[in-house]
Amino acid sequence: MGRRIVVVTGIGLVTPLGHDLETIWKRMLNGESGVGRITIFDASNFKTQIAAEVKNWNIDEIGENLDDWKYQDRHTRFAVGAGYKAMKDAGLLGDGAKYLDPERFGVYTGAGEGEQNFDDFATMMLAGLDSEGNLDEGKFVEKGMEILNPVRELEQEPNMPSAHLAAMFNAQGPNVNCLTACAASAQAIGEATEIIRRGEADVMIAGGAHSMIHPFGVTGFNLLTALSESNENPEKASRPFDKNRDGFIIGEGAGMLILEELEHAKQRGAKIYGEIAGYGATSDAFRITDIHPEGRGAISCMKLALEDAGVKPEEVNYINAHGTSTSVNDRVESLAIREVFGKYAYQIPVSSTKSMTGHLIAAAGATECAYCLLAMRDNIVPPTINYETRDPDCDLDYVPNIARQVNVDVALSNSFGFGGQDVSLVVRRYQA
């Protein structure tokens, strides 16, 4: 008996370009930017004052009561929104739920930590001071018990999105969250694929969610000198592979895919976006904040994904690059693609959709895998916007500024994270 085939039957996105799949895709193909001034908090005194925020999103859009979600973090609300949309897209809500065996239906997310509750902590500190301004530990703990909401504290844990998704859809099978930085949701898709291949589940909700647009997140990345400081022209700030790139833009949002064993999908007549054909995961085993200068992790994970899919390099029609708009990462990723694909690298359209959405951190890989599937569906690849000045070290075809009609049967999506985690996914057109 051959290996079980895993296909994608539903996609749900909540992103800086919108919350409706077709609206997001249309805006992306039009080369629109979701980057603007930060409005979530007052960033006027920060070096970076711009981000790609999710606008006008409330969980009541999927029929949930706002009061029931007042303690849940922003990324969790994104996650359940994207999960609901994916389930609806797959036809697994309402009467469609009859096709689900709860014990063979699981969740695998790559979701980041929630926002730290500094307001409550500051209130506790002030309440715990004695008359001379010294911290009274007993008073601090006593007042903390009065101030802190235990549910709100629990909701900061990174596994909360997967827990809420499981409860919402009665997914009693495997439930896992991995937090491997910018590679997390791509890794979640790869690992969920392996669970179905091994026969441990028939259907998985897989993807990720994250929001780091808060003072702590922006400060941390500023200290790492990783963020763009092009505050005067936000829409132009994310410029992957361009010679004048100066750092990435923090984005936020969620992307969820419904992964399904092929025969299970066929038996219920599901539409199929494509197959998750290949998965490669490696480590740079180098510095925590720097990609290996020779791209060894990136090279090996792309090769593993292609091998897993049984795909030759010259069969790849499109690459959705990690493409962060940072100097070193874009240069090394270009080097790695050249190493894996040889001369054929110059014939493959390579684009970075982060030029429009910013970098969704843990959620980036899942959303970008979705864009590969949509490119395959419509035979059109999204552009890299703001590409104006060629960098000699980045000499591939980055689909500058304008979407392009391309016959896409096989696409590769790259996700490389802080800590040296590297993930590549290969998606392939399904043909009955």
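**View A. The hubs of the largest nonpolar core.** In this predicted model, the largest nonpolar core has 48 residues, and the ones touching the most other members are Val8, Ile11, Ile189, Met204, Leu257, Leu259 and Val427. Helix α13 chips in nine residues, the largest share of this core.

**View B. A second core.** Look elsewhere and there's another nonpolar core, separate from the one in View A, with 31 residues. Among its members are Ala277, Phe341, Ala345 and Val350.

**View C. Who sits around Leu257.** Skip the neighbours within four places in sequence, and Leu257 is in contact with Val8, Gly10 and Ile11, plus Ile189, Met204, Ile205 and Ala206. Cys369, Ala370 and Leu373 round out the list of contacts for Leu257.

**View D. Two cysteines, no bond.** The structure holds zero disulfides. Zoom in on Cys369 and the closest cysteine sulfur belongs to Cys372, 6.1 Å away, so the two are too far apart for a bond; a disulfide would need the sulfur atoms within 2.5 Å. Cys369 is buried, at a relative accessible area of 0%, and Cys372 is buried too, at 1%.

**View E. The buried side of helix α1.** Helix α1 spans residues 21-29, and its buried residues are Leu21, Ile24, Trp25 and Met28. Because they cover an arc of only 95° around the axis, they end up on the same side of α1. What do the buried residues of α1 pack against? Their partners are β1 (6-14), α12 (354-357), α13 (364-378) and β11 (380-381). Just after α1 comes Gly31, with a positive phi of about 70°.

Note on methods
Residues are numbered from 1 along each chain as its sequence is written. This is a predicted model: local features need pLDDT of at least 70, side-chain atom pairs count only at pLDDT 80 or more; totals for chains, interfaces and linings use all residues. Side-chain values use heavy atoms; hydrogens and water are left out. Buried means under 20% relative accessible area, exposed over 50%, partly exposed in between (1.4 Å probe, protein chains only). Helices (H or I, at least four residues) and strands (E, at least two) are DSSP runs, numbered from the N terminus. The arc is that of the directions from the helix axis to the C-beta atoms. Contact means heavy atoms within 4.5 Å. A nonpolar core is a set of buried Ala, Val, Leu, Ile, Met, Phe, Trp, Tyr and Cys residues joined through side-chain atoms within 4.5 Å.
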